[in-house]
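Student: I would like to take a close look at one part of this model with you. Could you walk me through a single helix pair and then place it in its surroundings?

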Amino acid sequence: MGQRTPLYDLHLALGAKMVDFGGWDMPLHYGSQVEEHHQVRRDCGVFDVSHMCVVDVAGSQAKAFLQRLLANDVARLEGPGKALYSAMLNEQGGVIDDLIVYLTGSSAQEQGYRLVVNAGTRDKDLAWMHAQAGDFDVQLRERRDLAMLAIQGPKARARVAELLTQARAALIHELKPFQGLAEGDWFIARTGYTGEDGLEIVLPVTEVVPFLNDLVGAGISPIGLGARDTLRLEAGMNLYGQDMDEQVSPLAANMAWTIAWEPAARDFIGRAALEAQRAAGCPSKLVGLVLEERGVLRAHQVVRVEGIGEGEITSGSFSPTLNKSIALARVPAVTGDRAEVEIRGKWYPVRVVRPGFVRNGKTLI
Amino acid sequence: MSNIPADLRYAASHEWARLEADGSVTVGISDHAQEALGDVVFIELPEVGKQLGAGQEAGVVESVKAASDIYAPVGGEVIAINEALVDSPESVNSDPYGSWFFKLKPSDASELDKLLDATAYQAAADADA
């Protein structure tokens, strides 16, 4: 038996097929993951993401601490609730985790940030953060009293706002993309992992079951991890543990854009190693693959680039929106726009593209 | 608890077989199989005219989760394939016993007796779970 979110019984009542995900019993689907995927792109759906870990960072040196801890720079968060996506690196420049950080308090005395980190890396991340916090006036608080739901899709914000108080509806209406704000003891953010518009709502564990009941009662479909994976893959978003891990540089994981090199004086953990890699030229890159023929690309299949070398698929699946198979793959940096993949003993030609195949329901490839 | 119609025979590899009035055998995959596979996205069928032995690979079912070989439950010649299924692979999930893959002219009708009946297949499927 794995760990369970407060919604476990409700998932079963809704007909979920449960699976283990990083030590958690989570819903894979509630009938058809392909249907759930379409529902999110066309309308909206709700995901239980309460297995993820919320860590509040506060104190007079919270900002300096995070500027050391993270490869992206929290100084870029200029307004209340602004958020950014960052890698957290080790000294060798490998990725310990990827996460989102929101600015929650910005007075000189009360600097505050909220981090959301992955479920499977929770213990590792917290141990690392505590170990690095020693030199700073900062307090780390893991928020086990909070749960989280993501409601994603073009109609998500409107449909959720309809069900909430006027104050919360107004907040939702005003939220900018990649911003999260508190209203009472709820925290509502316009972020997500699907490439669609939508919300991620952090709320007390005591309130998440009634809230999911309200959403489902209003006709919003529950969505499982199967669809979550095909949605994020179409959006070109990485999955930690598959597309990158501690042995992988962000430069080889399509995360170079998340590194804040300036100011040069900001000595974040892993900077020296990353600068050396950048100077030498990173030998690999993470690309997108598209299979035009019938078949499914899957993790660990070998990628061959004629005259250049080989790589490997890190994440692959069938894309319901594109009706063909897509993948992310780590390949030699000089790879052009064609390659071949070995599927069950035969080689198939694939198109090589930038990661990101669908955005806001529209195909990019 | 999956659906296992009593009038069909089953292979341990989860194909169902139905003996038709004209002596041909219709083949598909069971409810247990489609449930384990998840959403089916591609199907590869054998060619009409192909001679298959009992237990020989006859095609492939590819789902979001994995690719799975389909085996001929009895030996024979492929006399028909369900082209419509290739265009609507999701039918396998919604209607596994109405979604036939191919029909065989069996080389030895007694091979059907070697297949599992519904009760025996239920036991095999339960052991699988």
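Which hand does the crossing of α2(A) and α8(A) have, left-handed or right-handed?

Tutor: Happy to! The crossing of α2(A) and α8(A) is right-handed. Please keep in mind that we are looking at a predicted model.

Let's start with the two helices themselves. Helix α2 of chain A covers residues 33-42, and helix α8 of chain A covers residues 225-234. Their axes lie 8 Å apart, and the packing angle is about 55 degrees. An angle from 35 up to 65 degrees falls between roughly parallel and roughly perpendicular, so α2(A) and α8(A) are oblique to each other.

Now zoom in on the side chains' positions. From α2(A), the residues that take part are Gln33(A), Glu36(A), His37(A) and Val40(A). Facing them in α8(A) are Gly226(A), Ala227(A), Thr230(A) and Leu231(A). Sorted by class, this contact of α2(A) with α8(A) holds four polar, three nonpolar and one charged residues.

A second helix pair in chain A makes a useful companion. Helix α5 (residues 156-163) and helix α6 (residues 166-174) have axes that come within 8 Å, and they cross at roughly 165 degrees. Angles over 145 degrees count as roughly antiparallel, which is why α5(A) is described that way relative to α6(A). The crossing of α5(A) and α6(A) is left-handed. On the α5(A) side, the contact is made by Arg157(A), Val160(A) and Ala161(A), while α6(A) contributes Ala169(A), Ile172(A) and His173(A). The class count for the contact of α5(A) with α6(A) is four nonpolar, one polar and one charged.

If you follow the chain onward from α6, you reach the loop between α6 and β10 (180-183) of chain A, where Phe178(A) sits. Phe178(A) has a phi near 65 degrees, a positive value in a residue that is not glycine. It has 17 C-beta neighbours inside 10 Å, so Phe178(A) counts as partly exposed.

The loop between α8 and α9 (271-280) of chain A also deserves a stop, as it is the place of Pro263(A). A cis peptide bond links Glu262(A) to Pro263(A), with omega about 0 degrees.

One more backbone detail is found in the loop between β18 (338-343) and β19 (346-353) of chain A, which contains Arg344(A). Phi of Arg344(A) is positive, at about 45 degrees, although this residue is not a glycine. Arg344(A) counts as exposed because it has 12 C-beta neighbours inside 10 Å.

Stepping back to the whole chain, chain A has nine helices and 21 strands. Its C-alpha trace spans about 60 × 50 × 40 Å along the principal axes. The radius of gyration of chain A is 21 Å, which agrees with the value near 21 Å for a compact globule of 365 residues. Of those 365 residues in chain A, 46% are buried. Among contacts in chain A between residues at least 6 apart in sequence, 67% join residues at least 24 apart.

Finally, chain A has company: ten of its residues are in contact with nine residues of chain B. The side of chain B that touches chain A comprises four nonpolar, two polar and three charged residues. Within chain B, Ala120(B) belongs to helix α4 (residues 118-128). With 14 C-beta neighbours inside 10 Å, Ala120(B) counts as partly exposed. Ala120(B) and Arg9(B) are 111 residues apart in sequence, yet 9.6 Å separate them in space, C-alpha to C-alpha.

Key: Residues are numbered from 1 along each chain as its sequence is written. Chains are lettered from A and ligands numbered from 1 in the order in which they are written. This is a predicted model: local features need pLDDT of at least 70, side-chain atom pairs count only at pLDDT 80 or more; totals for chains, interfaces and linings use all residues. Helices (H or I, at least four residues) and strands (E, at least two) are DSSP runs, numbered from the N terminus. The radius of gyration is taken over C-alpha atoms; the globule rule is 2.2 Å times the number of residues to the power 0.38. A residue is buried if 20 or more other C-beta atoms lie within 10 Å of its own, exposed if 12 or fewer, and partly exposed in between; C-beta atoms are placed from the backbone. Two residues are in contact if their C-beta atoms, placed from the backbone, lie within 7 Å. Axes are lines fitted to C-alpha atoms, for helices over the stretch in contact, and angles run from 0 to 180 degrees between N-to-C directions. Angles under 35 degrees count as roughly parallel, over 145 as roughly antiparallel, 65 to 115 as roughly perpendicular and the rest as oblique. A crossing is left-handed if the near helix is turned anticlockwise from the far one by less than a right angle, and right-handed if clockwise. Ala, Val, Leu, Ile, Met, Phe, Trp, Tyr, Cys and Pro count as nonpolar, Asp, Glu, Lys and Arg as charged, and the others, Gly among them, as polar.
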